[in-house]
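User: I have a chain open and would like to go through it with you. Could we take it step by step?

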Amino acid sequence: TGITWTITNSGDNTNFTLRATVITGAGTVVPSVAANLVQDPATNGNTASTSSDNSVTYDNSTLGVTVEQLLVQADPTNALPITFAVVFTKAINVSTFTTGDITQNGTATGITWSITNSGNDKNFTLEATAVSTNGTVIPSIAANAVQDPATNGNTASTSSDNSVTYDTVAPSATIT
């Protein structure tokens with residue numbers, strides 16, 4: 001929606017470049033020229049335009065992301081892996097989402113992450129497969145770490161529960 005066009009003549013009055021210079025809403029841009037809108041010097045009208053590929057998807061929408069503890073994830077836990085769901089608001093370019101995009105905000109250290117795509121490029125499973133020290137495991141994804149196919153960056157991840165306590169210290173008992 002809200003498209004502003006510019007037309008540039010190549011100089012031969014036959015070939016022109018059409019550019020969408022302003023677009024106010026995401027969607028598919030499919031330009032065409034209806035019959036009899038343009039005339040040659042002899043006042044003959046044009047035929048309707050044809051094209052083998054005149055469709056471009058314009059996407060400037062925000063890429064949101066949430067990171068949540070999986071419902072089946074025990075908290076606290078002494079078992080690995082520790083599992084989280086990462087959900088993007090639309091499909092991403094999966095090559096831009098790596099374990100290097102994960103920030104650990106908790107107190108546990110030495111975390112090794114793995115990421116598994118559900119297959120739709122929107123829903124992922126994030127696992128802490130190794131943790132060196134006890135503490136909280138709180139993953140997040142910074143803004144613009146991941147991109148969608150149109151190169152829109154993500155917003156910083158949000159969460160209602162992305163914290164799991166990892167505790168491998170056995171309780172001790174003293175009988176006196």
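Analyst: The conversation below goes through the overall form, the core, the charged pairs, the surface and some backbone details. Please note that this is a predicted model.

User: Understood. How many helices and strands does the chain have?

Analyst: The chain has zero helices and twelve strands. Read along the sequence, the pattern is β-β-β-β-β-β-β-β-β-β-β-β.

User: And what is the radius of gyration of the chain?

Analyst: The radius of gyration is 27 Å, whereas a compact globule of 176 residues would have a value near 16 Å. Along the principal axes, the C-alpha atoms fill a box of roughly 110 × 25 × 25 Å.

User: What share of the residues is buried?

Analyst: Of the 176 residues, 25% count as buried. The chain exposes about 10,700 Å², and carbon and sulfur atoms supply 52% of that area.

User: What about contacts between residues at least 6 apart in sequence: what share joins residues at least 24 apart?

Analyst: Among those contacts, 61% join residues at least 24 apart in sequence.

User: Let us move inside. How many residues are in the largest nonpolar core, and which have the most contacts inside it?

Analyst: The largest nonpolar core has 22 residues. Val86, Phe88, Phe97, Val137 and Ile141 have the most contacts inside this core. The elements that give it two or more residues are strand E5 (65-69), strand E6 (82-88), strand E9 (123-130) and strand E12 (164-166).

User: Which element gives the most to this core?

Analyst: That is E6, which gives four residues.

User: What does Val86 touch, leaving out residues up to four places away in sequence?

Analyst: With those left out, Val86 touches Val65, Thr66, Val67, Phe97, Lys122, Asn123, Phe124, Leu126 and Ile141. Two of these partners, Phe97 and Ile141, are also listed with Val86 among the residues with the most contacts inside the core.

User: Now charges. How many salt bridges does a search of the whole structure find?

Analyst: The search finds two salt bridges. In one, the side chains of Asp59 and Lys90 meet at 2.9 Å, N to O. Asp59 lies in the loop between strand E4 (56-58) and E5, and Lys90 in the loop between E6 and strand E7 (102-104), so the pair ties together parts that are 31 residues apart in sequence.

User: And the partner of Lys90 in the other one: which residue is it?

Analyst: Lys90 forms that salt bridge with Asp148, and the closest N and O atoms are 2.7 Å apart. Asp148 lies in the loop between strand E11 (139-141) and E12, so its pairing with Lys90 ties together parts that are 58 residues apart in sequence. Through the shared partner, Asp59, Lys90 and Asp148 are joined into one network.

User: Why can such side chains pair at all?

Analyst: Side chains of opposite charge can pair when their charged atoms come close.

User: Within that network, is Lys90 buried or exposed?

Analyst: Lys90 is buried, because its relative accessible area is 16% and the limit for buried is under 20%. Asp148 also counts as buried, at 1% relative accessibility. Asp59, by contrast, is partly exposed, with a relative accessible area of 23%.

User: Turning to the surface, which residues form the nonpolar patch there?

Analyst: The patch is formed by Ile3, Trp5, Ile7, Phe16 and Leu18, with about 490 Å² of accessible area together. Strand E1 (4-9) and strand E2 (16-22) each supply at least two of its residues. Trp5 is located in E1 and is partly exposed, with a relative accessible area of 36%.

User: Last topic, the backbone. Where are the cis peptide bonds before Pro76 and Pro81?

Analyst: One joins Asp75 and Pro76, with omega of about 5°. The other runs from Leu80 to Pro81, with omega near 0°. Pro76 is in the loop between E5 and E6, and Pro81 is also placed in the loop between E5 and E6.

User: What is phi of Asn13, and of Asp121?

Analyst: Phi of Asn13 is near 60°, a positive value in a residue other than glycine. Asn13 lies in the loop between E1 and E2 and is exposed, at 59% relative accessible area. For Asp121, phi is near 65°, again positive in a residue other than glycine. Asp121 sits in the loop between strand E8 (112-117) and E9 and counts as partly exposed, at 25% relative accessibility.

Technical notes. Residues numbered from 1 in each chain as written. Predicted model: local features only at pLDDT ≥ 70, side-chain atom pairs only at ≥ 80, totals over all residues. Heavy atoms only, no water. Patch = residues over 30% accessible without salt bridge, like charges linked within 9 Å, V, L, I, M, F, W, Y side chains within 5 Å. Areas by Shrake-Rupley, 256 points an atom, 1.4 Å probe, with all protein chains shown as cover. Salt bridge = Lys/Arg side-chain N within 4 Å of Asp/Glu carboxyl O. Buried < 20%, exposed > 50% of the residue type's maximum accessible area, 1.4 Å probe, protein only. Core = buried A, V, L, I, M, F, W, Y, C linked by side-chain atoms within 4.5 Å. Contact = heavy atoms within 4.5 Å. Rg over C-alpha atoms; globule rule 2.2 N^0.38 Å.
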